Structures are given as C-alpha cells and as structure tokens.
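Here are my notes, written for reading side by side with the structure. Have it open and follow the points in any order you like.

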Amino acid sequence: MWQAGPVTTQTQSANPGLTAAQVAERIDRGQRNDLPPRSGRSTADIVRANVFTRINAILAVLLVLVLATGSWINGAFGLLIIANSAIGIIQELRAKRTLDSLAVVGEARPRIRREGVAAEHPRDEIVLDDLIEVGPGDQIVVDGAVLEAEYLEVDESLLTGESDPEDKAPGDPVMSGSFVVAGTGTYRATKVGSESYAAQLTAEAAKFTLVRSELSQGINSILKVITWVLIPVGLATIVVQLTQAGTDWRRAVLAMAGALVPMVPEGLILLTSVAFALGVVRLGRRNCLVQELPAIEGLARVDVVCADKTGTLTENGMTFGELRPVGGTGADEVRGVLGQLAAADARPNASMQAIAVAVPAPEQPWPVLAKAPFTSAKKWSGATFVGPDGGPVNWVIGAPDVLARHGTAEALQAEQLAAGGLRVLLVGTAERPVDDPEAPGAVTGAALVVLNQRIRPDAADTLAYFAGQGVQLKVISGDNAAAVGAVTRSLGVVSGTAVDARTLPADAAAFAVAVAGTDVFGRVTPHQKRAMVAALQSQGHTVAMTGDGVNDVLALKDADLGVAMGSGSSATRAVAKIVLLDDKFATLPHVVAEGRRVIGNIERVANLFLTKTIYSALLALLVVLWRVPFPYLPIHITITGWFTIGIPAFLLSLAPTNDRARPGFVRRVLRLGIPAGFIVATATFVTYLLVLPPAGWDAVALRQATTATLACMIIASTWVLAVVARPYQWWKVGLVVVSLLAYLLIFSWPFTRSLFLLDTGNSAAMATGVTMGLIGAALIEAAWWLRGRIFGEPLVFWQRAGVS
C-alpha cells in the first residue's frame with residue numbers, strides 16, 4: 001500500500017485547482033460534500049426511537065388506567081417506561097459518540113489540489129469542481145471526471161460487476177465507490193453531497209440499525225407471534241375481569257393490568273439494543289471501528305478467517321536486505337537502475353519504498369518513455385527509459401517466478417530465498433517496451449533484491465486462539481507460495497504445503513474443493529481471493545476476511561465480515577465492516593469474543609422473556625376459561641420480574657461466552673421457552689385453584705391465595721433462570737441464590753409484605769404454593785434434560801474456572 005509522505009505538496013501542474021475565493025463561493029451556494037451522520041442517526045432520532053415505541057405505548061395506557069384506581073404502588077411497572085427509554089438512549093448515544101470519533105480517524109482523507117498546492121482534507125470539505133489527486137489504493141470519494149491520468153487504472157467491479165480494471169484517460173468519468181489499482185491521476189468533482197454515490201454508501205453502510213440478520217428476523221418473528229396472542233387474550237381478560245360478579249371496578253382494572261403487563265416483552269428489545277451498543281463501545285476502546293452494526297452478529301458466527309500475509313501476519317513496512325547480482329551485472333550498476341526506477345514511480349508501493357530508502361537517488365534521472373505501474377494481477381512494474389547511450393532500455397522489477405524463465409539460475413536461487421520467508425524481487429531488462437500489450441516478454445535478470453519482513457509478535461498467539469476456538473484459518477497472499485508457507489510454518493499453527501494459486505483448477509466445483517482442502521495459498525490474484533471467499537460461503541461457512549491492500553478490496557467486500565487494517569488503503573477501509581485502527585492483529589480474538597458475547601447472551605435473555613410471555617398469556621387464558629378473578633395485581637408482576645428476569649437478564653447480557661453462534665436462533669429459544677412457559681403457567685394455575693377459597697372471595701382470603709400462587713410462580717420462574725444461566729460459574733450460582741434470598745426477604749419481612757400487598761398468614765396455602773413451585777422446577781429441569789437428549793444440545797452444568 002502506498003503511504004503518503006508530506007501532507008501538503010506543491011504541484012507543478014497546468015491545473016492549479018480552485019482558489020480560496022472560489023471555494024468559499026461554492027460553500028455559500030451549498031455545493032459542499034456534506035455527508036450523513038457517520039453513525040447514521042442523529043441524537044433526536046435516537047431519543048425519538050427509544051421513547052415512542054409500541055411497548056412504551058402499551059405500558060403507558062395501562063399505567064394511566066392503574067393510576068386512575070388510586071393505587072400508586074401498582075403503577076410501579078410504569079418505571080419500566082423511563083428505564084427502557086433512558087437506558088436505550090444512553091447506550092445508543094455512547095455508541096454514536098464512539099462511532100463518530102473513530103470514523104474521523106479511520107475515514108479516507110483525499111488529497112485536494114487548491115491554488116497549486118495538494119493537501120489532505122476530510123471528505124466533507126470537498127466542494128464542486130475541486131481537483132482530487134489519486135494513486136494506488138485510493139478510493140474515489142465523489143463522482144467526477146478525469147483531468148490528468150498517468151497509466152491510471154480504476155476498479156469499478158463493486159459498482160458494475162466488471163472484473164477487469166478500467167483504463168482512465170482525461171475526460172473519462174469516475175464513480176465514487178470505485179478505487180484506483182494502478183497509476184496516478186487527478187479528477188474534477190462533478191457531484192458532491194447527496195448527489196454522489198458515496199453519500200448513499202455512507203448512509204447505508206454506517207447506519208446504526210439491526211438491519212436484516214437472523215437475529216433481528218428471529219426477534220421480529222417472536223414479537224409478531226406475541227402480538228397476535230396478546231390481542232385476543234388481552235381482550236378476553238378485560239371482558240372477564242370487568243364482568244366478575246361483585247367485583248369492584250378498581251379491582252377489575254388492576255387484575256386486567258396484572259394480566260396484560262407481563263405479556264409485554266418490555267426488556268427484550270431494550271437488552272438487545274443495549275448489548276449491541278455496548279459491543280460497539282467495548283470494541284471502540286480497543287481502537288476497533290464497527291462500521292456496520294450487524295458486523296457484531298457476524299463476529300459471533302465466523303468459522304473461517306481468511307488472512308492476507310502482508311500487513312496482517314507480518315508488520316506493514318519492509319526493509320532492504322541485500323542485493324544479489326546475477327548474470328554478470330555489477331552491483332553498482334543495479335543500484336543505479338533501482339534508483340532510476342524509484343525516481344520514476346510517483347506513488348511507490350511498500351517494496352519500492354524500501355528500495356528507495358536504501359539506494360541513492362539519481363543525480364540525473366533518465367527520461368521516461370513509458371511506465372507500467374505495479375498491479376497485484378501482473379506482479380511487476382517497470383519503465384522504458386532513454387538510457388545512458390541514448391537508446392531505449394526496458395527495466396522491470398517484480399516477482400521472480402513471473403519474470404524469470406522456469407529452471408534458470410536466478411529462478412532457483414529466488415525460490416530458495418523465498419523458502420526462508422524472505423520477499424524476493426527480480427530486476428532485469430525486458431524484451432518489450434513496458435507499455436506493449438505483450439510486455440514484458442523475455443526478461444534478462446540483473447539481480448535479486450531481498451527484502452526483510454517482520455512477523456507480528458502477536459501473530460502466533462492470535463492464530464493459536466482461532467485454532468483453539470474451532471475457527472479455520474486460510475492464509476491467502478499474493479506473495480510467492482514458498483515464502484508464505486515459510487512464514488505460516490514459523491508461526492507453528494497452520495500446517496500443510498503452500499499452494500501456488502496459479503495451479504488451481506478453473507472449474508468452479510473443483511476450485512471450491514481445492515480451497516476447502518488447503519490452508520495456505522500464494523500468488524493469489526485479487527479476483528481469486530474473491531472467488532475463494534465465495535467458494536467457502538457456498539459450503540456453508542461464515543467467512544471473515546482481513547487485509548490492508550487494494551488487492552484485498554473485492555474479497556473484503558464479499559466476505560461475511562470484512563476486517564481492514566487502519567493503515568491500509570482508503571479503499572479497503574471503506575468497504576470493510578470493521579477497521580482495526582491501530583493495526584493490531586491481536587485485537588481480532590477480542591473482536592470475535594465480543595460478537596459471541598453479544599449474540600450468545602441475547603439468546604439467553606430471549607429465553608427468559610419468551611418464557612415469561614408464554615406463561616403470562618397461558619395463565620390469563622386459563623383465568624378466562626375458568627372465569628375466576630386474576631390472581632395477581634400489577635405490583636406482584638413487577639416484583640416477580642425484578643429477580644427472575646430484569647436484573648438477571650441484564651447481568652447475563654454482559655457475561656463473556658466462547659460459544660460460536662449457530663443458525664436456528666428461534667428454534668432453540670422456542671425449545672425451552674414453550675415447555676418452560678407451559679410448566680410455569682400450569683403449576684401456577686393449579687396452585688391457584690387449590691388455594692382459592694371454595695365459597696366467597698373475601699379480600700383477605702384472596703390476598704392469601706394470591707401470595708401462595710405468587711410463591712409457586714417465583715420458584716418455578718427462578719428455576720428457568722437457573723437453567724438459562726448454565727453452564728455455571730461461581731457468579732451465576734450467586735445470581736440464582738441472591739434472587740431466591742431476595743424473594744425470601746420480601747415474603748418474610750413485614751414491611752415488604754405490607755408494601756407489596758402480600759399475606760403469608762395461611763400456612764397451608766403457602767405450603768401448597770412452595771410444593772407446586774418445586775414440582776414446577778423439577779419439571780423444568782426434566783424439560784431441559786429432554787431437550788438436550790432430543791436435539792443433541794450439550795448438557796453442561798459447570799464451566800471451568802478461568803474459562804469465559
């Protein structure tokens with residue numbers, strides 16, 4: 001990847017660009033590249049989305065009805081409206097601030113030429129008619145027309161699907177969303193702001209939503225079913241409670257609210273959004289920019305990581321190692337040629353930068369007749385000069401296995417050096433001018449250039465983590481296969497022989513088989529990288545791709561999860577879903593762990609809320625069919641939710657987990673939620689029928705029956721929590737124990753009994769409630785065991801200390 005030198009440079013061009021006055025005039029006319037918020041939503045949007053929700057509306061209506069009865073304590077569930085809104089707003093604003101601040105660091109800074117001076121500017125400072133300079137790896141950030149071009153090639157495959165880069169000449173249009181693969185040029189901005197394609201990409205790619213994913217689809221499906229159940233059961237409950245003979249309207253309204261409030265899954269959406277928002281914030285602390293929120297879900301599902309070698313397993317920069325002349329050419333002569341090649345390259349890649357540092361700059365640059373910029377597809381670059389003797393000479397530099405004839409001394413020597421993990425280039429004279437369509441033709445080698453690359457010190461541990469987590473690693477590099485294999489073997493994780501991608505079969509099916517059976521590839525072209533990602537996806541894998549160079553852009557875009565390095569080209573950062581701003585490959589395990597934490601714990605939380613909704617709806621339906629007073633008041637439902645769902649769900653949503661997310665979210669949640677909900681509802685209603693006085697429903701007897709029934713429901717519901725919390729760690733056991741102790745305190749302390757309208761005076765009824773609760777807990781345990789046996793899910797009770 002080309003690294004910018006000075007931020008500001010003087011340009012000797014006939015096109016100096018806009019003046020300061022012209023820029024100010026265009027800003028006044030609104031012709032500036034104003035972009036949508038980086039996080040996709042304004043503060044007002046976030047507040048509105050968290051306050052004006054369907055769930056808050058339902059709870060608000062019920063709250064007004066309850067408060068009309070004069071029973072303020074039964075309106076305690078109204079605090080959920082404030083809590084839901086406040087927590088959601090706070091966490092989303094934290095995530096928004098994190099996204100906005102990191103996006104400023106990670107976004108492309110185009111070089112804008114004004115008054116003859118080229119300088120880097122933020123994208124939103126571009127105005128109409130600005131001149132923007134580009135080179136290899138640069139993203140086209142606004143639509144425009146080419147003004148100057150020097151062997152400029154632009155890849156538009158992300159927009160048009162056309163696989164080959166397009167040669168661009170002055171006058172040709174360029175579209176935002178494309179990127180430069182070779183050459184240099186300047187284009188004039190013709191569309192800025194909302195008119196350019198880049199603005200549409202920004203609005204869609206950075207939007208802070210759950211968009212389409214298995215998780216969001218699953219939750220929406222659950223909510224739709226709940227809505228359809230809630231409407232008829234709710235209406236029937238209202239009718240039955242209001243038509244109870246001799247029942248005061250206040251008691252009827254409170255009973256109705258007590259039946260309807262627990263049916264509303266008020267915390268499911270909240271904790272889902274909070275979990276995602278916390279994921280963004282946590283990753284932000286590690287200098288990891290999440291450009292698309294669903295990327296967090298993708299993190300949890302990744303089972304194959306495709307990693308480029310350069311810039312990922314090895315550090316970004318290279319250093320000049322040694323020069324080995326071949327064919328009788330003198331070392332000083334070759335150094336002079338290397339200096340001429342470096343001087344002729346206006347935007348050198350990392351290899352040429354390392355050479356330019358080591359060899360002296362020429363006192364008198366040779367005139368250049370033609371140039372061939374480096375591309376990952378052809379693996380070489382060069383120039384046709386007017387040589388010292390006045391005649392043309394074609395010098396090229398590139399991959400020895402591409403330029404040298406097979407079996408020659410320089411080819412064999414280069415292969416031996418590459419097998420030691422070194423990057424080796426061949427410099428020599430070409431038979432044809434470098435701009436000839438058949439170039440380079442036969443190449444006469446002059447010297448081998450050896451470059452040193454440092455393996456990242458954290459690479460081995462990172463690869464070992466993925467291996468331990470059952471995540472396959474595929475190293476796919478454009479470098480020599482022997483060199484790539486040497487690097488991966490030195491890391492001690494990836495085994496097997498490196499395969500030269502040029503030998504892979506052309507047939508799609510055979511290609512997919514070869515990709516699946518091999519871990520290390522060299523000499524991979526950009527389009528082969530893309531094809532490898534597609535082949536793995538076709539076999540059912542969830543693929544993450546890491547890279548930093550322009551040759552990685554297509555694969556990053558197509559992967560389920562594209563991860564770019566912060567120092568990578570602007571094009572790779574633009575298409576990636578996650579950017580590692582500090583270039584630390586060791587951040588990836590934390591990234592994957594965060595995704596697994598978010599998705600795994602949302603599934604746990606969904607189990608709790610779905611179970612609550614099912615047993616609440618069933619209990620209300622049974623009350624309707626038996627035409628008896630609803631056993632609970634709203635305050636009873638409120639305290640039940642405190643320690644069986646609310647607080648435990650929040651704590652469980654923060655816990656780490658190593659389990660890779662699997663498809664079938666809805667099925668797994670229903671496998672526990674439906675039987676557990678049926679058991680809790682049945683045990684609770686049977687208890688109610690057993691303790692309900694046969695003749696007359698005086699207030700004291702009804703309160704004692706309510707208390708015994710509530711004890712049954714709390715015991716059974718707490719055991720649902722105990723099942724969902726598995727596998728246990730000490731803090732999870734403590735969570736269940738504290739929940740039970742909290743309810744023991746509420747039921748035994750006179751103050752809380754009075755406050756929450758409880759009466760434990762009927763010891764026989766309480767014994768019945770406790771017994772039925774324990775029976776319900778036993779049946780829930782049996783249901784969990786049967787689910788594991790029938791569906792092959794692991795029955796793990798305890799998790800080793802230190803494993804999270």
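1. What should the 40 residues of helix H22 span at 1.5 Å a residue, and how far apart are its end C-alpha atoms? This is a predicted model, and here the expectation and the coordinates agree: the helix, residues 587-626, should cover 58 Å, and its end C-alpha atoms are 59 Å apart. H22 is also largely enclosed by the rest of the structure, because 33 of its 40 residues are buried. Right after the helix comes Arg627, with a positive phi near 50°.

2. Now the overall picture. The protein has 28 helices and 22 strands, and its C-alpha atoms fill a box of roughly 120 × 60 × 40 Å along the principal axes. Of its 804 residues, 56% count as buried. If you take the contacts with a separation of 6 or more, 74% of them come from residues 24 or more positions apart.

3. A word on confidence before you zoom in. The average pLDDT is 84, and 90% of the residues score at least 70. Among the elements, strand S14 (residues 392-398) has the highest mean, 95, while helix H6 (residues 197-205) has the lowest, 52. Residues 1-7 fall below 50, and that stretch makes 19 contacts in the model beyond near neighbours in sequence. Residues 800-804 also stay under 50, with eight contacts beyond four places in sequence. Where pLDDT is low, the predicted coordinates should not be read in detail.

4. Next, strand S2 (residues 111-114). In a regular strand the side chains alternate between the two faces of the sheet. In S2, Arg111 and Arg113 point one way, Ile112 and Arg114 point the other way, and all are buried. S2 has antiparallel pairing with strand S3 (residues 117-120) over four bridges, where Ile112 stands opposite Ala119. S2 also pairs in the antiparallel sense with strand S4 (residues 131-134), over three bridges, and there Arg111 sits opposite Glu133.

5. Stay in that region for two backbone details. The hairpin of S2 and S3 has two residues between the strands, and Glu115 in it takes a positive phi near 55°. Asp129, in the loop between S3 and S4, has a positive phi as well, near 80°. With a relative accessible area of 23%, Asp129 is partly exposed.

6. What is the strand order in the open sheet of eight strands? The order is S9-S22-S21-S20-S10-S17-S19-S18, with mixed pairing. Strands S9 (288-290) and S18 (499-500) are the edges, each pairing on one side only. Within the sheet, S21 (residues 561-565) and S22 (residues 578-580) pair in the parallel sense over three bridges, with Ala564 opposite Val579. Helix H19 (residues 526-538) packs on the sheet, touching S10, S17, S19 and S20, and its direction makes about 160° with that of S20.

7. Just before edge strand S9, have a look at Asn287, which lies in the loop between helix H9 (266-285) and S9. Its phi is positive, near 55°. Asn287 counts as partly exposed, at 34% relative accessibility.

8. Ser376 is worth a click too. It sits in the loop between strand S12 (368-372) and strand S13 (380-386). Is Ser376 buried or exposed? It is buried, because its relative accessible area is 14%, under the 20% cut-off. Not counting residues up to four places away in sequence, Ser376 touches Pro526 and Asn551. Its C-alpha atom is separated by 10.0 Å from that of His527, although the two are 151 residues apart along the chain.

9. On cysteines: the structure holds zero disulfides. For Cys306, the nearest cysteine sulfur is that of Cys288, 18 Å away. Cys306 counts as buried at 1% relative accessibility, and Cys712 counts as buried at 0%.

10. Last, two cis peptide bonds to check. One runs from Ala439 to Pro440, with omega near 5°; Pro440 lies in the loop between strand S15 (423-430) and strand S16 (443-455). Another joins Arg726 and Pro727, with omega about 0°, and Pro727 is found in the loop between helix H25 (699-724) and helix H26 (730-748).

How values were computed:
Residues numbered from 1 in each chain as written. Heavy atoms only, no water. pLDDT = per-residue confidence, 0-100. Contact = heavy atoms within 4.5 Å. Buried < 20%, exposed > 50% of the residue type's maximum accessible area, 1.4 Å probe, protein only. Pairing = 2+ DSSP bridges. Expected span 1.5 Å × (residues − 1). Axes fitted to C-alpha atoms, helices over the stretch in contact; angles between N-to-C directions. Disulfide = S-S within 2.5 Å.
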